[in-house]
Amino acid sequence: MSSPVNVAVDRRSPVPLYFQVAQQIEAMIDRGELLPGARLENEVVLADQMGLSRPTMRQAIQYLVDKGLLVRKRGVGTQVVHGQVKRNVELSSLHDDLLRANQYPTTKVISATVVPATDDIAVALHQPPGAEVVRLERLRYANDQPLAILQNWLPTGLADLTPERLERQGLYALLRAVGVTLRVASQRIGARAATGREATLLTERRGAPLLTMVRTTYDDSGRAVEYGSHVYRPALYSFEMALVER
């Protein structure tokens, strides 16, 4: 059964009709009105319903296919793949962001060990070189699709971060539950090519572009409590920020 698509276009707008349609369908996906797996009517039916030409509707659907939000399947039709997680640049956890976006997060803990801090980790956490730190590596899924590889380092003794707890809750929620007040963070966003291991975990090709985020988080006393280095699939994830003129 096909899912209804309610779209209204403004023919007086300078925005191309195909882009108006694509934006509204994307918004429906983001709001959870079109869920992953939902099937759309074929382009001919949609064009007739909206009073648009078939090339216009075809261009709108192709735009969303190219963006990774829809997929065409022989014998099935056009289906929703997923909604992209749009994360505001603020001090929040990926787990909570996914819940807010109706993306149903799950986590696979790859490792949770205590290791000697390398020089760069020691500097980030304001620890002596070689001091013991907790190292976590997790694979985060959204709607059962691999989304991000999360590596985090923390001073020992902050919380009991067992794999079972990390698979049920986000890291920040576990820290807050034991009284750690996360107050501020320094963060750097970038991009690079996927390594072979990252490509395998994220079901991407080796060398595919990935978003990166490196963050050091401090509590309300100014203590560094977490250093994270994360990579994300850009087709499924983006950062958003508000800019103001000074």
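This report walks through a predicted model, with helix 3 and its surroundings as the main topic.

## The chain as a whole

Let's start with the big picture. The chain has eight helices and 11 strands. Of its 246 residues, 43% are buried. If you take the contacts between residues at least 6 apart in sequence, 59% of them join residues at least 24 apart.

As for the surface, the chain exposes about 13000 Å². Carbon and sulfur atoms supply 51% of that area.

## Helix 3, end to end

Helix 3 covers residues 54-66, which is 13 residues. From its first C-alpha to its last it reaches 18 Å, close to the 18 Å you'd expect at 1.5 Å a residue. Its buried residues are Thr56, Met57, Ala60, Ile61 and Leu64. Look down the axis of helix 3 and these buried residues fall within an arc of 130°, so they line one face of the helix.

Flip to the face turned away from that buried side, and you find Pro55 and Asp66, both exposed. Just after helix 3 comes Gly68, which takes a positive phi of about 90°.

## What sits on the buried face

So what covers the buried residues of helix 3? The cover includes two other helices, helix 1 (17-30) and helix 2 (43-50). It also includes strand 1 (39-40), strand 2 (70-73) and strand 3 (77-80).

Met57 is a handy residue to zoom in on, as it is one of the buried residues of helix 3. Setting aside neighbours within four places in sequence, Met57 is in contact with Val21, Glu43, Leu46, Ala47, Met50 and Leu52.

## The nonpolar cores

Met57 turns up again in the largest nonpolar core, which has 21 residues. Along with Val5, Val21, Ile25, Leu34 and Met50, Met57 touches the most other members of that core. Helix 1, helix 2 and helix 3 are the elements that give two or more residues to this core. Helix 1 provides the largest share, with five residues.

Apart from this core lies another one, made of 14 residues. Its members include Leu158, Leu166, Leu171 and Leu174.

## Aromatic pairs

On to the rings. The structure holds four aromatic pairs. One of them is Tyr18 with Phe19, an edge-to-face pair with 6.2 Å centre to centre and 65° between the planes. Tyr18 counts as partly exposed because its relative accessibility is 21%, and Phe19 is partly exposed too, with a relative accessible area of 24%.

Phe19 also pairs with Tyr63: the ring centres are 5.5 Å apart and the planes sit at 85°, so this pair is edge-to-face. The pair links distant parts of the chain, with Phe19 in helix 1 and Tyr63 in helix 3, 44 residues apart. Is Tyr63 buried, exposed or partly exposed? With a relative accessibility of 27%, Tyr63 counts as partly exposed. Put together, the ring pairs link Tyr18, Phe19 and Tyr63 into a cluster.

## Pulling it together

Helix 3 and helix 1 meet in several ways here. Helix 1 is among the elements covering the buried residues of helix 3, both helices give two or more residues to the largest nonpolar core, and the Phe19–Tyr63 ring pair links helix 1 with helix 3.

Key. Residues numbered from 1 in each chain as written. Predicted model: local features only at pLDDT ≥ 70, side-chain atom pairs only at ≥ 80, totals over all residues. Heavy atoms only, no water. Helix = DSSP H or I, 4+ residues; strand = E, 2+ residues; numbered from the N terminus. Expected span 1.5 Å × (residues − 1). Buried < 20%, exposed > 50% of the residue type's maximum accessible area, 1.4 Å probe, protein only. Arc of directions from axis to C-beta. Contact = heavy atoms within 4.5 Å. Phe/Tyr/Trp six-rings, centres within 6.5 Å; stacked < 30°, edge-to-face > 60°. Areas by Shrake-Rupley, 256 points an atom, 1.4 Å probe, with all protein chains shown as cover. Core = buried A, V, L, I, M, F, W, Y, C linked by side-chain atoms within 4.5 Å.
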